[in-house]
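User: Please examine the model shown below and explain the terms used to describe it. I should like each label to be justified by its criterion.

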Amino acid sequence: MMHRYLPMTEQDQKEMLNTIGVSSVEELFEDIPEKVRFKGELNIKPAKTESALMKELAQLADKNADTQKNTSFLGAGVYDHYSPVIMDHVISRSEFYTAYTPYQPEISQGELQAIFEFQTMIAELTGMDVANSSMYDGGTSFAEAAMLSAGQTKRKKVLVSGAVHPESKAVLETYAAGQHIEVVTIPEKDGRTDLEELASLMSDEIAAVMVQYPNFFGQIERLDEIEKLTHAQKAMFVVSSNPLSLGALTPPGAFGADIVVGDAQPFGLPQAFGGPHCGYFAVTKKLMRKVPGRLVGETNDEEGQRGYVLTLQAREQHIRRDKATSNICSNQALNALASSVTMTALGKQGIQDIAHQNLQKAAYAKKQLQAAGVKVINGGYTFNEFVVELNTPVSEVNKELMKKKIIGGFDLGRDFEGRANQMLIAVTEQRTKEEIDLLAEELKQYA
Amino acid sequence: MRNENQPLIFELSREGRIGYSLPELDVPEIETKELLPSGFVRQEAPELPEVSELDIMRHYTALSKRNHGVDSGFYPLGSCTMKYNPKVNEAVARYAGFAHIHPLQDESTVQGAMEMMYDLQEHLVEITGMDEVTLQPAAGAHGEWTGLMMIRAFHEANGDFNRTKVIVPDSAHGTNPASATVAGFETVTVKSNENGLVDLEDLKRVVDHQTAALMLTNPNTLGLFEEDILEMAAIIHDAGGKLYYDGANLNAVLAKARPGDMGFDVVHLNLHKTFTGPHGGGGPGSGPVGVKKDLIPYLPKPVLVKTEEGFTFDYNRPESIGRVKPYYGNFGINVRAYTYIRTMGPDGLKAVSENAVINANYMMRRLAEYFDLPYDRHCKHEFVISGKRQKKLGVRTLDIAKRLLDFGFHPPTIYFPINVEECMMIEPTETESKETLDSFIEAMIQIAKEAEEKPEIVQEAPHTTVISRLDETQAARKPVLRYQKKEAVEV
């Protein structure tokens, strides 16, 4: 059959089969045992033309309430942020998106240099020495940080804050089960890691203390205090961080973090129903040779010209095989590129500006909600998210908000016992004063 | 064609330039020190570049020109299935109702997305011959690990805690043993026989009551179909183990043979390979996993289910291995794969495999005269040749690969599989025309002649790229992994 993706004509096929020395294409499949040869037709939908398919799928997409036509106060790890238009233009250059891993550096300098720049920007933001070329997402980076810590300390137990993203924690638990590592939760108190509990759980058996900054409830954890307790027992200090917040907050590196992980989605990556996003993984120089995933390094060619290559590959799974401590092969190159473009567009000034606006607008929203009688709970310092308690189940409130084209906050009752009727509200720079005022007005009745 | 370096974006930075557009703050401003605890206000601004919008476009455009993709030219990288990436996929993935929806929105507001996911799962179930599919894993390696974790959970649920070993052929990709280790297993290697297939006698020798699973790619990494697959399945199943299918090479057998019918219990797919992902320079990918009935209880949660009221995520899965990824997988890549499958239909997918296999066999036969062919039989979608003959002339496979760059081609996968000396693994895919294959073949023939007549032209290649061979030893010995403002100093 002829198809627009398949250039082989009948004449081509005849000539090629002749060169091969067979008379039919079936002969080439005769090594498949008769018993397992698939003879019928796949029972899947018939092919559609380009236009017809686009129309059908556009209608399917229209069944979803998107954040461009509605006003979103939903965050919880995935955010509606400014995405410079040039970002999509850059990643639509097919020299980038139709390439694979840069195995041949002579014809992959573009990708390699872009990743080297990404590594630099992530290291800058987090205050760490080294960042890798990216990971699947924030959740799996978080889990990989625990695996690295266990390997590095030769200890089999990690402490994870009860105030981290519940889905990252769930991923961590699955990974830990694979490697027989015990995960113990440090309870949260008023939406922050309970430092007294941490102190009593701490021992020389602990491989890592893992917290989130700002944490899942939006609060700023006391990284200074947690660092002391962690390093007193020579455990690894792992911080998961929203990189955009680091335009305003002191970076985890300055507090002595050993590993900083997170997701670069806030840098303009489409929310895309949860993926693909872009995990990052940054470490101290000491851990440089233990990082999972790929690293790009600078070097010279035979003529002394500067260039970039994949490096320190002895760490990687395809070399270490059954000695590997991580099996990640790929990175999220295209999304790392996308977030690099956004970080570049924001630049030194914009990263501070955008973080400042998030901080200010969330503070304003908090104030307006309180003025409307809505209970903002947990107190504490927050970045761009905070928790309110309503008199009605959040899922019901969200259905009502949707009628006003508002996508409400995350229903904390889904994942946290004792947090029924609590909503986690995110306010990014994208939200206007009017939109915030409208939310306060709408939530008044549930105060 | 050597040219000047493109400076790093940081080197283009000039104080005060901006490339962004943010509105004025429209809410009353509060002093930062009132909003953040003392000691937590960032003191030193991060050194991100200061450039204008045009600077950014020029920079990345310059970088893109220093990169080879499938749209730039032929890319026969074995086992990677570097086929054409349809543009309609890109358009559909950017529809607002797919790109700009939040994973934690109320389910009633994302029924279209869930319907797409469900239908994709149904299509993959049919294509693989499995009973159920999860879309959660982010990539092939992630899928491997997910599948192995499920196999472990299955054995443990049967009170079978001694099944600690996973058997992997010696020709397997390094990821297979790495995934087994990360899932808590030991790896046992089974040898290949003189025909490049798994040695059944050796398999019988290594299999025992500790066998959790056999991981297999079929066709294997040599591009050969494991003809004894049913015997192998019987050996593993009789011993109480499970059969794992690495879907890296599924492009060879679409609508021709289904892993489920071959006896496989678990399958992972690489949607960025067979189903036109695209590859994105190394990701994002998507690695769905399909299973047979007895493994369904262990699927990662949540599981997408269809009810009379619509689609919903089922979190009540007590035997599930848990989550392997936040949310529901790389949805954006899954949209692209779905668009591709719907574009091809049943006949199209069958033609994909037929044409991929014809292309590979055609190239193999034409190259056989000039290079050593370690396994002289019909291949599937890819094949391996050896540069042994050229090595005797002082030209290594690496040199051949570099010389191909001068002809505008991406080289094949080299030095893999590791059981073939001076290996080149070539996968043309079905989207390449005969003229393209012919021009690559001509280039290979010319290089073979050069190896005999003027080997230095091959040994010193590439000659036309923007940069010559890079010093990888220096890169690893004195790692420079980031730019630093004054001098790029060692970290």
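**Contacts, cores and local geometry**

Analyst: In chain A of this predicted model, 73% of the contacts with a separation of 6 or more are between residues 24 or more positions apart. Of the 447 residues of chain A, 62% count as buried. The C-alpha trace of chain A spans about 80 × 55 × 50 Å along its principal axes, and its secondary structure comes to 13 helices and 17 strands.

User: Why is Ala52(A) called exposed?

Analyst: A residue is exposed if 12 or fewer other C-beta atoms lie within 10 Å of its own. Ala52(A) has 11 such atoms, and is therefore exposed. Ala52(A) is found in helix α2 (residues 50-61) of chain A. The C-alpha atoms of Ala52(A) and Arg419(A) are separated by 47 Å, and these residues are 367 apart along the chain.

User: What makes Tyr327(B) and Thr429(B) buried?

Analyst: The criterion for a buried residue is 20 or more other C-beta atoms within 10 Å. Tyr327(B) has 24, so it is buried. Thr429(B) has 26, so it is buried as well. Tyr327(B) is found in the loop between β9 (310-314) and α11 of chain B, while Thr429(B) is in the loop between β12 and α14 (434-453) of chain B.

User: What is notable about the phi angles of Tyr327(B) and Thr429(B)?

Analyst: Most residues other than glycine have a negative phi. Tyr327(B) is not a glycine, yet has a positive phi of about 65°. Thr429(B), also not a glycine, has a positive phi of about 70°.

User: Which peptide bonds that precede a proline are cis?

Analyst: One of them is the bond from Gly275(A) to Pro276(A), with omega near 5°. Pro276(A) lies in the loop between β9 (259-263) and β10 (279-283) of chain A. Another is the bond from Asn218(B) to Pro219(B), with omega near 0°. Pro219(B) is found in the loop between β4 (211-216) and α9 (229-238) of chain B. Most peptide bonds are trans.

User: How do you know that β11(A) and β12(A) are paired strands?

Analyst: Pairing requires at least two bridges between the strands. Six bridges join β11(A) to strand β12 (residues 306-311) of chain A, so the two are paired, and they run antiparallel. Glu298(A) stands opposite Tyr308(A) in β12(A). The strands form a hairpin with five residues between them, and Gly304(A) in the turn has a positive phi of about 80°. Strand β11 (residues 295-300) of chain A is mostly covered, with five of its six residues buried.

User: Why do β11(B) and β12(B) count as a pair?

Analyst: Two bridges join β11(B) to strand β12 (residues 423-426) of chain B; the criterion is at least two, so the strands pair. Their direction is antiparallel, and Ile414(B) stands opposite Met424(B) in β12(B). Three strands form an open sheet in the order β10-β12-β11 (chain B).

User: What makes β10 and β11 of chain B edge strands?

Analyst: Strands β10 (383-386) and β11 (413-414) of chain B each pair on one side only.

User: Which residues touch the most other members of the largest nonpolar core?

Analyst: They are Ala146(A), Val209(A), Met210(A) and Tyr244(B), in a core of 294 residues. Helix α11 (residues 331-367) of chain B gives the most to this core, with 19 residues. In soluble globular proteins, nonpolar side chains tend to be buried together. Leaving aside neighbours within four places in sequence, Tyr244(B) is in contact with residues including Gly147(B), Leu148(B), Phe264(B) and Val266(B).

User: How do you know that chain A touches chain B?

Analyst: Contact is assigned when C-beta atoms lie within 7 Å. By that criterion, 172 residues of chain A are in contact with 170 residues of chain B, so the chains touch. Helix α11 (residues 333-371) of chain A gives the most to the side of chain A that touches chain B, with 23 residues. The residues of that side divide into 80 nonpolar, 55 polar and 37 charged.

Technical notes
Residues numbered from 1 in each chain as written. Chains lettered and ligands numbered in written order. Contact = placed C-beta atoms within 7 Å. Helix = DSSP H or I, 4+ residues; strand = E, 2+ residues; numbered from the N terminus. Nonpolar A, V, L, I, M, F, W, Y, C, P; charged D, E, K, R; others polar. Core = buried A, V, L, I, M, F, W, Y, C linked by C-beta atoms within 7 Å.
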